[in-house]
Amino acid sequence: MNKTERGIMSSLLVVVAVTYVLVSRAECHTSTTPTPLNSCKAFSTCDSCIQNPKCLWCMTNDTCTDYPVSYILPPPAVCKLSQARWGVCWVNFEALIIAMAVLGGTIIISIAVCCCCCCCCKKRQSGPDRDEERFVRRREEIRHYRTLCLVPDSDHPYSKFENE
């Protein structure tokens with residue numbers, strides 16, 4: 001395994017680990033009791049803040065705020081992506097987006113390559129081999145040429161040289 005492949009594999013492992021941590025920390029609440037509006041502001045550390053999946057920790061000003069659920073990603077007014085933490089304190093949104101883009105691109109490219117390989121293999125198996133056809137045609141030409149050379153024909157353009 002070369003250096004590039006090891007780098008890709010380690011990136012994929014990090015993405016899988018982060019995804020697992022984020023998914024495993026998410027909780028499904030079925031109760032209808034609303035949480036207090038200021039519940040996230042009560043947390044003073046990143047570790048305590050991210051325990052609640054509805055909270056977002058901003059490293060810029062060390063504050064815990066409610067995750068802006070109306071947006072997929074927190075807007076810059078709430079916190080810069082490079083400083084925002086959710087799920088785990090050691091991964092920011094910027095790194096998470098890049099890692100997920102690399103993982104998604106790798107999966108899409110792998111699927112495309114597999115599809116192309118399958119299509120090429122089917123073409124080769126379904127139709128006759130071009131190289132084999134050329135070889136057979138060339139062999140027939142050589143056989144025909146040998147036949148002409150071995151059996152002298154008076155109408156052949158070189159036959160007059162053979163008789164002299």
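These exercises walk through a predicted model of one protein chain, each with a worked solution.

**Exercise 1. The overall plan**

State how many helices and strands the protein chain has, and in what pattern they follow one another.

*Solution.*
Step 1. Count the elements. The protein chain holds five helices and four strands.
Step 2. Read along the sequence. The pattern is α-α-β-β-β-β-α-α-α.
Step 3. Turn to burial. Of the 164 residues in the protein chain, 18% are buried.
Step 4. Look at the surface. About 13100 Å² is exposed, and carbon and sulfur atoms supply 63% of that area.
Step 5. Check the contacts. Take those between residues at least 6 apart in sequence: 42% of them join residues at least 24 apart.

**Exercise 2. The sheet**

Find the order of the four strands in the sheet, and name the edge strands.

*Solution.*
Step 1. Set out the order. The sheet is open and runs E2-E1-E3-E4, with antiparallel pairing.
Step 2. Pick out the edges. Strand E2 (63–66) and strand E4 (88–92) each pair on one side only.
Step 3. Add the turn between neighbours. Neighbouring strands of this sheet are turned by 40° against each other on average, direction ignored.
Step 4. Recall what holds such pairs. Strands of a sheet pair through backbone hydrogen bonds.
Step 5. Count bridges, pair by pair. Strand E1 (residues 55–58) is joined to E2 by four bridges. Two bridges join E1 to strand E3 (residues 84–86). Another pairing, E3 with E4, also has two bridges.

**Exercise 3. Partners across the strands**

Work out which residues stand opposite cysteine 55, leucine 56 and tryptophan 57 in E2.

*Solution.*
Step 1. Start with cysteine 55. Its bridge partner in E2 is aspartate 66.
Step 2. Move to leucine 56. Threonine 65 of E2 stands opposite.
Step 3. Go on to tryptophan 57. Cysteine 64 is opposite in E2.
Step 4. Look to the other neighbour of E1. In E3, tryptophan 57 has arginine 85 as its bridge partner.
Step 5. Ask about the faces. In a regular strand the side chains alternate between the two faces of the sheet. In E1, Cys55 and Trp57 lie on one side, with Leu56 and Cys58 on the other. These four residues are all buried, so both faces of E1 are covered.

**Exercise 4. Two hairpins**

Identify the residue with a positive phi in the hairpin of E1 and E2, and in that of E3 and E4.

*Solution.*
Step 1. Take E1 and E2. Four residues lie between these strands.
Step 2. Find the residue. Aspartate 62, in the turn, has a positive phi of about 50°. This is a positive value in a residue other than glycine.
Step 3. Judge its exposure. The relative accessibility of aspartate 62 is 48%, and partly exposed covers the range between 20% and 50%, so aspartate 62 counts as partly exposed.
Step 4. Take E3 and E4. One residue lies between the strands, and glycine 87 has a positive phi near 90°.
Step 5. Add a pair. Tryptophan 86 stands opposite valine 88 in E4.

**Exercise 5. What is buried**

Describe the largest nonpolar core, then explain why E4 and serine 82 are called enclosed and buried respectively.

*Solution.*
Step 1. List the core. Its eight residues are Cys40, Cys46, Cys49, Ile50, Cys55, Trp57, Cys64 and Cys89.
Step 2. Find its suppliers. Helix H2 (46–49) and E1 each give at least two residues to this core.
Step 3. Follow one member. Setting aside neighbours within four places in sequence, cysteine 89 is in contact with Cys46, Asp47 and Ile50.
Step 4. Note another core. It lies apart, has six residues, and includes Leu56, Tyr67, Cys79 and Phe93.
Step 5. Treat E4. Four of its five residues are buried, so E4 is largely enclosed by the rest of the structure.
Step 6. Treat serine 82. This residue lies in the loop between E2 and E3. Its relative accessible area is 17%, under the 20% limit, so serine 82 is buried. Beyond residues up to four places away in sequence, serine 82 touches Asn92 and Glu94.

**Exercise 6. A recorded region**

Say what the UniProt entry records at residues 95–121, and what secondary structure the model has there.

*Solution.*
Step 1. Read the record. The unreviewed UniProt entry places the feature "transmembrane region" at residues 95–121.
Step 2. Look at the model. That span is 100% helix and 0% strand.
Step 3. Add the distance. The end C-alpha atoms of residues 95–121 lie 39 Å apart.

How values were computed: Residues are numbered from 1 along each chain as its sequence is written. This is a predicted model: local features need pLDDT of at least 70, side-chain atom pairs count only at pLDDT 80 or more; totals for chains, interfaces and linings use all residues. Side-chain values use heavy atoms; hydrogens and water are left out. Two strands pair if DSSP finds at least two bridges between them. Axes are lines fitted to C-alpha atoms, for helices over the stretch in contact, and angles run from 0 to 180 degrees between N-to-C directions. Buried means under 20% relative accessible area, exposed over 50%, partly exposed in between (1.4 Å probe, protein chains only). A nonpolar core is a set of buried Ala, Val, Leu, Ile, Met, Phe, Trp, Tyr and Cys residues joined through side-chain atoms within 4.5 Å. Contact means heavy atoms within 4.5 Å. UniProt positions are given in the numbering used here, feature names are shortened, and annotations may be inferred rather than shown by experiment. Accessible areas come from the Shrake-Rupley method with a 1.4 Å probe; for residues, only the protein chains shown count as cover.
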